[in-house]
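Here are some exercises to work through with the model open. Try each task before you read its solution.

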Amino acid sequence: MSVVYKPLVAGTLVGFILGDPVQGCIIGAAINLPYVAFISAGGTAPQDPGLAGTVGTAWAMAAGVNPAAAVTIALPLGLLGTMVWVAHMTLDVTFVHMADKAAEEGNLEKICFWHVVPPQILMFLLCVVPATAATYFGSTAVKGIIDSLTGRPLTVLTVIGGLLPALGIAMNLRAIGRPGTLLFFLVGFILVVYLKLPVIAVAVLAGVIGYFYTMLSNQTPQAAAAGDSGGAAPIEDDEEDF
């Protein structure tokens with residue numbers, strides 16, 4: 001689901017449904033740029049790229065606007081999606097309390113029910129229904145708004161939409177500029193630009209290096225000390241034999 005959540009993928013799927021997957025992919029890619037460094041950590045969601053990519057692409061294709069203007073249409077949807085997400089998380093707490101009560105009773109079936117069924121129904125009502133209604137009824141309204149903005153207002157929106165992706169790229173560059181990340185970025189840049197290696201090959205190599213780097217970085221000092229002592233144990237036993 002995290003892959004479909006990306007505006008690039010969501011826009012392409014919307015394009016398939018509307019009969020123009022190429023245009024959907026182009027618009028979805030434009031909407032994806034402001035969210036290129038999007039991270040949802042600890043249950044927080046400062047934006048909703050999924051709603052922005054899905055409904056934003058549908059509206060932009062229905063209105064016939066260019067990708068830059070589509071970004072300005074989609075970003076407010078991302079903020080609206082944040083409100084929906086907060087409402088969803090707030091209401092879901094009720095089901096958690098009900099599951100806790102069922103756990104006190106030792107009723108496993110009720111725990112599974114409160115954990116799965118009501119949250120999915122609530123998610124459907126809060127997300128699928130509004131997104132479908134907005135896509136179905138909103139395209140005509142959006143096209144009318146775009147027609148009324150023809151001229152300088154639409155040009156301003158297009159310019160703003162062209163600048164907004166810089167925010168996502170700047171956030172990505174800020175993450176790359178950290179001491180623990182910049183060296184890997186430079187190595188990848190040299191491999192692709194100067195050694196002419198395929199990007200996919202470099203990505204696979206980076207994944208392997210990242211895996212081992214993460215494993216070594218997360219190794220606790222106690223585990224390392226235990227490994228060292230385990231290797232030295234046979235030597236100590238030999239000394240006692242002598």
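**Exercise 1. An exposed tyrosine and its partner**

Task: Decide whether Tyr194 is buried or exposed, then find how its ring sits against that of Phe189.

Solution:
- Start with the surface. Tyr194 has 59% relative accessibility, and the cut-off for exposed is over 50%, so Tyr194 counts as exposed.
- Keep in mind that this is a predicted model.
- Now the rings. The centres of the Phe189 and Tyr194 rings are 6.3 Å apart and the planes meet at 75°, so the pair is edge-to-face.
- Then check the partner: Phe189 has a relative accessible area of 39%, so Phe189 is partly exposed.

**Exercise 2. Other aromatics**

Task: How many aromatic pairs does the structure hold, and which residues form one aromatic cluster?

Solution:
- The count for the structure is six aromatic pairs.
- The pair of Phe189 and Tyr194, with its 6.3 Å between centres, has already come up.
- Tyr211 and Phe212 also make an edge-to-face pair, with 5.4 Å from centre to centre and 75° between the planes.
- For the cluster, look at Phe95, Phe113 and Trp114, which belong together as one aromatic cluster.

**Exercise 3. A nonpolar patch**

Task: Which residues form a nonpolar patch on the surface, and where does Leu186 sit?

Solution:
- The patch consists of Leu182, Phe185, Leu186, Phe189, Ile190, Val193, Tyr194, Leu195 and Leu197, and together they have about 810 Å² of accessible area.
- Leu186 belongs to helix α8, which covers residues 179–193.
- With 42% relative accessibility, Leu186 counts as partly exposed.
- Here's a handy bit of helix geometry: an α-helix has 3.6 residues a turn, so residues three or four places apart point the same way.
- Use that when you look along the patch members, including Leu182, Leu186 and Phe189.

**Exercise 4. An odd backbone angle**

Task: What is unusual about the phi of Lys196, and where is Lys196 placed?

Solution:
- Lys196 isn't a glycine, yet its phi is positive, at about 60°.
- Place Lys196 next: it's in the loop that runs between α8 and α9 (199–217).
- At 66% relative accessibility, Lys196 is exposed.

**Exercise 5. The overall layout**

Task: How many helices and strands does the protein chain have, and what share of its residues is buried?

Solution:
- Count the elements: there are ten helices and zero strands.
- Going along the sequence, you read α-α-α-α-α-α-α-α-α-α.
- Of the 242 residues in the protein chain, 26% are buried.

**Exercise 6. One helix up close**

Task: What span does helix α2 reach, and which of its residues are buried?

Solution:
- Helix α2 takes in residues 21–32, twelve residues in total.
- From its first C-alpha to its last, α2 reaches 16 Å, close to the 16 Å expected at 1.5 Å a residue.
- Its buried residues are Gly24, Ile27, Gly28, Ala30, Ile31 and Asn32.
- Cys25 has 30% relative accessibility and is partly exposed.

**Exercise 7. Contacts between distant parts of the sequence**

Task: What C-alpha distances separate Gly11 from Val55, Thr82 from Gln47, and Pro118 from Phe95?

Solution:
- Gly11 belongs to helix α1 (residues 7–18) and is buried, its relative accessible area being 0%. Its C-alpha is 8.6 Å from that of Val55, 44 residues apart in sequence.
- Thr82 is part of helix α4 (residues 67–105) and is buried at 17% relative accessibility. Thr82 and Gln47 are 35 residues apart along the chain, with 5.4 Å between their C-alpha atoms.
- Pro118 is in helix α5 (residues 108–148) and is buried, with a relative accessible area of 11%. From Pro118 to Phe95 it's 7.3 Å, C-alpha to C-alpha, with their positions 23 residues apart in sequence.

**Exercise 8. Salt bridges and disulfides**

Task: Which residues form a salt bridge, and how many disulfides does a search of the whole structure find?

Solution:
- The structure holds one salt bridge.
- Glu105 pairs with Lys110, and their closest N and O atoms are 3.9 Å apart, which means the pair falls within the 4 Å cut-off.
- Lys110 is partly exposed, with a relative accessible area of 40%.
- As for disulfides, the search finds zero.
- Among the cysteines, Cys112 is partly exposed at 45% relative accessible area.

Methods. Residues are numbered from 1 along each chain as its sequence is written. This is a predicted model: local features need pLDDT of at least 70, side-chain atom pairs count only at pLDDT 80 or more; totals for chains, interfaces and linings use all residues. Side-chain values use heavy atoms; hydrogens and water are left out. Helices (H or I, at least four residues) and strands (E, at least two) are DSSP runs, numbered from the N terminus. Buried means under 20% relative accessible area, exposed over 50%, partly exposed in between (1.4 Å probe, protein chains only). Patches are made of residues with over 30% relative accessible area and no salt bridge: like charges are joined within 9 Å, nonpolar side chains (Val, Leu, Ile, Met, Phe, Trp, Tyr) within 5 Å. Accessible areas come from the Shrake-Rupley method with a 1.4 Å probe; for residues, only the protein chains shown count as cover. A salt bridge is a side-chain nitrogen of Lys or Arg within 4 Å of a carboxyl oxygen of Asp or Glu. The expected span of a helix is 1.5 Å times one less than its number of residues. Rings of Phe, Tyr and Trp (its six-membered ring) pair if their centres lie within 6.5 Å; planes under 30 degrees apart count as stacked, over 60 as edge-to-face and the rest as tilted. A disulfide is a pair of cysteine sulfur atoms within 2.5 Å.
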